[in-house]
Amino acid sequence: MRDVFTIIAERVLNECGDDPICTHVGNIQACTVRSHPTYQALRGKARLGRSKSVASMRLWESIGTLARESEPEEREKWLTIMLDLLTPNFGGWSRELAQQWQYDLSDIRSAMVEGALDAWFSAGSGAPATKLLETMKARAYGRARSLVEAGRSETSSGSADEFISNIAHENNSTLHATSIVDTGTVHDPDADERIRGERFGSLLQRMGAMSYAAALHQKIRSGCRSEADAPTITPAQVGRSWVDGKNLYYRPSDLMPQYTSFGKAAKALGVSESQATKMAKNGALPVSMVWIGNSRAVSLNSLMHVVGFPDSLVHPDDVENGASHIGEK
């Protein structure tokens, strides 16, 4: 009988196939590490039981970051991979529990997955990787134990998809846009949009980085950007898109790399690298960290959110207008 463990494994293998997988930044093309294993090879080397290796814990930490910091449509994939790395630790114990209590094995395993997911959604984004792992395992064991001790079979009607799908709506996501200006003081959405874009353009001009924006603007206007990369706009954000029917909007983060170095992130947070290291070990680091080989990196989206750097939609026309104002002075 196919239980939830099997469904999760099948789903991950179907998603990853035999292609190399990047667990550092989620994108092989953007990763500085040259060699990437297939998921099957990676899964075979992961050890998250009592004798956890340093490499396995770095893998766990990076995948956890991807599950929280990736684009919404990718988070579910990485969370499913986290569960698939956990289930080998649950297999033997769940069988023993089923035999001891004469209980349905699939019910026990469903309860364990639900417990692990409950721990994941309850944990803060800064929870240390080791503590998160142990909490997810403990919650899984506890949920299964409570189920069998209740003395009745409660086969879950939910599928693995239903267990995981809420990741797209996670409240702790750092990907929500924030406005540069206080929208409560600007009642006209179009004016708010123009002010936001012009301020960003003036900032780029002062930094001497407007050339990077100009290259992106040219790409967007020429139609080279894929629809999948274009941000979704709401009726309140359409601005000039209703004139020509084109979505030329983008976010400031589109001009930046996905990750920055651990040292630069510590500097942006106003602490030394050694202090940031201690904070990460204690679960007090407010940004999400991944391991790229033996080096640490920090999600730029996470860092922008913490330091209050806005990532709201801007229009190329407004950004260029703002830059020209600075250039004329």
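**Exercise 1. Work out which way α11 faces.**

Start on the open side: K264 and K267 of helix α11 are exposed, where exposed means over 50% relative accessible area, buried under 20%, and partly exposed in between (1.4 Å probe, protein chains only). A quick word on what you're looking at: this is a predicted model, so local features need pLDDT of at least 70 and side-chain atom pairs count only at pLDDT 80 or more, while totals for chains, interfaces and linings use all residues. Residues are numbered from 1 along each chain as its sequence is written, and side-chain values use heavy atoms, with hydrogens and water left out.

Step 1. Find the covered residues: α11 spans residues 262-269, and F262, A265 and A266 are buried there. Helices (H or I, at least four residues) and strands (E, at least two) are DSSP runs, numbered from the N terminus.

Step 2. Check the side: those buried residues span an arc of only 100° around the axis, so they sit on the same side of α11. The arc is taken from the directions from the helix axis to the C-beta atoms.

Step 3. Name the neighbours: the buried residues of α11 pack against β1 (259-261), α12 (273-282), β2, β3 (295-299) and α13 (300-307). Contact here means heavy atoms within 4.5 Å.

Step 4. See what follows the helix: next comes G270, with a positive phi near 80°.

**Exercise 2. Describe the largest nonpolar core and the part α4 plays in it.**

Step 1. Get the overall picture: the chain has 14 helices and three strands, and 43% of its 329 residues count as buried.

Step 2. Pick out the core: the largest one holds 51 residues, and Y39, W60, I81, M82, L85, I108 and M136 have the most contacts inside it. A nonpolar core is a set of buried Ala, Val, Leu, Ile, Met, Phe, Trp, Tyr and Cys residues joined through side-chain atoms within 4.5 Å.

Step 3. List the contributors: elements giving two or more residues include α1 (4-16), α4 (72-101) and β2 (289-292). The largest share, ten residues, comes from α4.

Step 4. Zoom in on I81: leaving out residues up to four places away in sequence, I81 touches V12, C16, I21, Y39 and I63.

Step 5. Follow α4 along: there's a kink of about 45° centred on F90, the bend being the angle between axes fitted to the seven residues ending there and the seven starting there. Just after α4, Q102 takes a positive phi of about 55°.

**Exercise 3. Sort some salt bridges into local and long-range ones.**

Step 1. Set the rule: a salt bridge is a side-chain nitrogen of Lys or Arg within 4 Å of a carboxyl oxygen of Asp or Glu. By this rule, there are ten salt bridges.

Step 2. Take a local case: K77 pairs with E74, their closest N and O atoms 3.8 Å apart. Both lie in α4, three residues apart, about one turn of the helix.

Step 3. Go long-range: D317 pairs with R221 at 2.7 Å between the closest N and O atoms. This pair links distant parts of the chain, with D317 in α14 (residues 316-327), R221 in α9 (residues 210-221), and their positions 96 residues apart.

Step 4. Look at R221 again: E320 also forms a salt bridge with R221, the closest N and O atoms being 2.8 Å apart. E320 lies in α14 and R221 in α9, so this pair ties together parts 99 residues apart in sequence.

Step 5. Check exposure: R221 is partly exposed, at 35% relative accessible area.
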